[in-house]
Amino acid sequence: MSLTVADLTRGVMTEFQEKLRQQHEESMHRELEALLGTASKPEAEISRKDFDGFKKLFHRFLQVKGPSVEWTKINRPPEDSIQPYEKIRAKGLPDNITASLNKLAVVKLNGGLGTSMGCKGPKSLISVRNENTFLDLTVQQIEHLNKTYNASVPLVLMNSFNTDEDTNKILQKYKHHQVNIHTFNQSRYPRINKESLLPIAKSMTLGGDNAEAWYPPGHGDIYASFYNSGLLDKLIAEGKEYIFVSNIDNLGATVDLFILHHLMSQPADKRCEFIMEVTDKTRADVKGGTLIHYEDHLRLLEIAQVPKAHVDEFKSVTKFKIFNTNNLWISLPAMKRLQEKNSMDLEIIVNPKTLDGGLNVIQLETAVGAAIKSFNNAMGVNVPRSRFLPVKTSSDLLLVMSNLYSMDAGSLTMSKKREFPTTPHVKLGSSFTKVQEFLARFENIPDMLELDHLTVSGDVTFGKNVSLKGTVIIIANHGDRIDIPAGAMLENKIVSGNLRILDH
């Protein structure tokens, strides 16, 4: 069998690529060591653990080429792997749910800043309802649970270096609440120059020239940082068996006693170690990750992993009917086992960014739900949409501040007076993006009980006690301003340019 030139070249190329990979890796390790040399001793110890995780991620980033799934191997999940919530609810609750609650801790992902909504500091400190912040509502919910069932469910916040200081200052105010609060920090990873594949940081400091040099590496980092913080072992020692993890800005993510009971009532040898709450996709959720069956495991498929040719198929509501709410129930002993064996293989999300000065960098991230394939007897539960109520934009904020929701002990529920179970579709223009500007444009929040669709664009303000019904579209042209008068009732109306009110 003779070797062709192409074969030889291919051999040389892979050898060349392998050498190049090794060089990149060695250069990265040298740079990281040099960075550690600029830190104080206690800081260097923490950062060394962070960098160990980063090196593993960087090594895999250099190894992996192209999308991490083969499209032809993707199958729909088997029927029994995603249970309808009704089926789990139908089991009812035991007389003593307190025993189960005492084996639970609630973890909120609290690494994000409020910058996308025009706020400084942690997003969890934005007021969302009657002067209550995301954090206030979370504490109220858990305190209510602990008082009602005489339980001791602790709250754990996963902060990032961006949110840790501000969050810890505010925690003083919950001292007298019936809830133990713990915090730990997720890792701090260096942003990589896209061209040189080296860190852009000059030292371990956070401010000044280095302000943009670091990032928290996505919520998939929870496994390593929770373990490294010592808190995982502490909770296991206190008899905790499961954590309920969710984004702090998802106001629908409250502790569900039926799912908790389902977990606790499994036979010991069939213990379900991971539940992902999924819900039915609507047109607004086409980018959300979905569950697939792949190489004999349930697996989370994110849009970033989909080959370009198949993105439209991924977004289809018919083929992939559900998406991940990021409400997860995870076994603590299983988490410890997988972390110690280093056997959690999370797909890498490469997040390209352009910094203020125009420099192109990449961030290597992972998603917490991607670990589903590593846990035993993992399953999805198809929950009602009400368990997914994220506040990402001022349009979302308008919904949760309105009379569509009533609030009880920190939990928001859809008002009984609304005739449809779905929320209206709200699109507010760029004049409403920042929370301060948004609040200045409403004397109070309109009555939205009978609203289906609202679009607002341009310089628009709302007087007191405005009521919106059906489809309402308000468009102020450039240079114009529209003031919706106090007490106005708009039903199926288009209001444009110079305050002409037309039937829709």
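Guide: A salt bridge is a side-chain nitrogen of Lys or Arg within 4 Å of a carboxyl oxygen of Asp or Glu. By that rule, a search of the whole structure yields 24 salt bridges. This is a predicted model, in which local features need pLDDT of at least 70 and side-chain atom pairs count only at pLDDT 80 or more, while totals for chains, interfaces and linings use all residues. Residues are numbered from 1 along each chain as its sequence is written, and side-chain values use heavy atoms, with hydrogens and water left out.

Visitor: Why is the contact of Lys-103 and Glu-241 called a salt bridge?

Guide: The N to O distance of this pair is 3.8 Å, and the rule asks for a nitrogen of Lys or Arg within 4 Å of a carboxyl oxygen, so the name applies.

Visitor: What does the pair of Lys-103 and Glu-241 tie together?

Guide: Lys-103 lies in the loop between α4 (97-101) and β2 (104-110), and Glu-241 in the loop between α8 (231-237) and β10 (242-247), so parts 138 residues apart in sequence are tied together. Helices (H or I, at least four residues) and strands (E, at least two) are DSSP runs, numbered from the N terminus.

Visitor: What makes the aromatic pair of Tyr-189 and Tyr-215 edge-to-face?

Guide: Rings of Phe, Tyr and Trp (its six-membered ring) pair if their centres lie within 6.5 Å; planes under 30 degrees apart count as stacked, over 60 as edge-to-face and the rest as tilted. Here the centres are 6.1 Å apart and the planes stand at 85°, so the pair is edge-to-face.

Visitor: How do you know which residues of domain 1 and domain 2 are in contact?

Guide: An automatic or database domain assignment sets the bounds, giving domain 1 (71-387) and domain 2 (394-496). Contact means heavy atoms within 4.5 Å; 16 residues of domain 1 are in contact with 15 of domain 2.

Visitor: How many salt bridges cross the interface of domain 1 and domain 2?

Guide: The rule finds 0 salt bridges across that interface.
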